[in-house]
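Visitor: I've got a model to go through with you. Could you put it up on the screen?

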Amino acid sequence: MKKTFPARTTRPVALTLLLAGLAACDPQPVQPTVQSSAASEQPAASQGTGDFPTLTRVEYVLQCMQEHGGQNYDNMYHCACAVDVVAKAMTPDEYDQAVTFTNLFGMGGERGAVFRDPPQSEELRKKLKDAKAAANDTCFPKTPGSAGGQEGQ
């Protein structure tokens, strides 16, 4: 008699390793469930920079890897570094709003005006662009001939 085993769902290896790496490298220490009275006096809604939710980090890294040639260990390493740099430059709320403004900026008509016209749209898109530029400078290796002007012209 042949035994049958229930089907297992599998994740792509890169995603599994990414999630494991992010969990292992989480910059925030685990907080105890019971807090002292001094710790409970701090406002709970004060999210600072560097504490992006895991899902936001994973989405950033996956998109970054896609932009840099696909899922491989080199891209995962550099993109995980890049999300840390961006997380230090922006709060999670700023990042979410900046991504929304950036992704929907090109929408035409009146509906698109909601994403193009507010003053914070330009500010947050610029902040995200600057943070990504800093991440690229910090985390991605420089290749010969990629920096500086165009040679031979």
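Visitor: Is Arg57 buried or exposed, and what is its relative accessible area?

Guide: Keep in mind that this is a predicted model. Buried means under 20% relative accessible area. Arg57 falls in that class, so call it buried, at 7%.

Visitor: Which residue forms a salt bridge with Arg57?

Guide: Look for a carboxylate, since side chains of opposite charge can pair when their charged atoms come close. Here the closest N and O atoms are 2.6 Å apart. Arg57 sits in helix H3 (residues 54-67) and its partner in helix H4 (residues 73-89), with the two positions 27 residues apart in sequence, so to speak a link between distant parts of the chain. The partner, partly exposed at 32% relative accessibility, is Asp84.

Visitor: How many salt bridges does the structure hold?

Guide: The Asp84 and Arg57 pair is one of them. Another joins Glu94 and Lys127, and there is also Lys126 with Asp130. The total is three.

Visitor: Which helices does the pair Glu94 and Lys127 tie together?

Guide: The closest N and O atoms of Glu94 and Lys127 are 2.9 Å apart. Glu94 is in residues 92-104 and Lys127 in residues 119-139, so the pair ties together parts 33 residues apart in sequence. Glu94 counts as partly exposed at 24% relative accessibility, and Lys127 does too, at 30%. The helices are H5 and H7.

Visitor: What separates Lys126 and Asp130 within helix H7?

Guide: These two form a salt bridge with the closest N and O atoms 2.8 Å apart. Lys126 is exposed, at 52%, while Asp130 is partly exposed, at 41%. They are four residues apart in the helix, so the separation is about one helical turn.

Visitor: Zooming out, how many helices and how many strands does the protein chain have?

Guide: Read the elements from the N terminus on and you get α-α-α-α-α-α-α. That makes seven helices and zero strands.

Visitor: Of the contacts between residues at least 6 apart in sequence, what share joins residues at least 24 apart?

Guide: Contact here means heavy atoms within 4.5 Å. The Glu94 and Lys127 salt bridge, for one, spans 33 residues. For the protein chain, the share is 66%.

Visitor: And what percentage of the protein chain's residues is buried?

Guide: The chain has 153 residues and exposes about 11,400 Å², with carbon and sulfur atoms supplying 55% of that area. Arg57 is one of the buried residues. The buried percentage is 24%.

Key:
Residues numbered from 1 in each chain as written. Predicted model: local features only at pLDDT ≥ 70, side-chain atom pairs only at ≥ 80, totals over all residues. Heavy atoms only, no water. Buried < 20%, exposed > 50% of the residue type's maximum accessible area, 1.4 Å probe, protein only. Areas by Shrake-Rupley, 256 points an atom, 1.4 Å probe, with all protein chains shown as cover. Salt bridge = Lys/Arg side-chain N within 4 Å of Asp/Glu carboxyl O.
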